[in-house]
Amino acid sequence: MKIALNMGNNDGSQSGKVAQAKTLERDLHAAKKGDWNAKNNLVRTFTPLLTSLAEKRSKDVGTINNYIEAGREGLFKAAKKYTPGEGAERFHIFVVEYIEQAMDRHDKG
């Protein structure tokens with residue numbers, strides 16, 4: 001399932017998508033170096049995805065919040081492992097596996 005991500009510029013134009021991809025690429029590169037502002041930008045960008053995946057696992061608000069927190073850790077791990085030259089569009093697919101693995105570990109923890 002493809003989940004639309006709001007990355008700031010929501011005009012739907014090709015130039016808007018290019019700008020979003022460049023912003024994501026920049027944030028991925030900076031987050032890899034430990035930049036907290038870039039990590040916060042990634043969390044804001046991927047919050048709809050984190051929330052959606054957490055809500056599919058539980059209906060309890062407390063549990064959803066725990067899944068989201070675990071998913072953030074998966075997001076940061078994915079950002080560290082991702083090769084920025086592969087393109088921002090591929091990161092959207094790449095990150096889902098890391099988020100789900102982190103949420104699965106939370107289940108077992």
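This passage describes the fold, the burial and two of the helices of a predicted model. Local features were taken at pLDDT of at least 70, side-chain atom pairs at pLDDT 80 or more, and totals for chains, interfaces and linings from all residues. Residues are numbered from 1 along each chain as its sequence is written, and side-chain values use heavy atoms, without hydrogens or water.

The protein chain contains 4 helices and 0 strands, in the order α-α-α-α; helices (H or I, at least four residues) and strands (E, at least two) are DSSP runs numbered from the N terminus. Of its 109 residues, 39% are buried, that is, under 20% relative accessible area with a 1.4 Å probe, protein chains only. Among contacts (heavy atoms within 4.5 Å) with a separation of 6 or more, 63% join residues 24 or more positions apart. The exposed surface is about 6,700 Å² (Shrake-Rupley method, 1.4 Å probe), of which carbon and sulfur atoms supply 50%.

Helix H1 (residues 14-32) has 19 residues, and its end C-alpha atoms lie 27 Å apart, in agreement with the 27 Å expected at 1.5 Å a residue; the expected span is 1.5 Å times one less than the number of residues. Its buried residues include Leu24, Asp27, Leu28 and Ala31, and the buried set packs against helix H2 (36-57), helix H3 (61-81) and helix H4 (88-108). Just after H1, Gly34 adopts a positive phi of about 95 degrees.

H4, with 21 residues, reaches 31 Å between its first and last C-alpha, close to the expected 30 Å. A kink of about 25 degrees is centred on Phe94, the bend being the angle between axes fitted to the seven residues ending there and the seven starting there. Phe91, Val95, Tyr98 and Ile99 are among the buried residues of H4, and their cover includes H1, H2 and H3.

Notes
Buried < 20%, exposed > 50% of the residue type's maximum accessible area, 1.4 Å probe, protein only.
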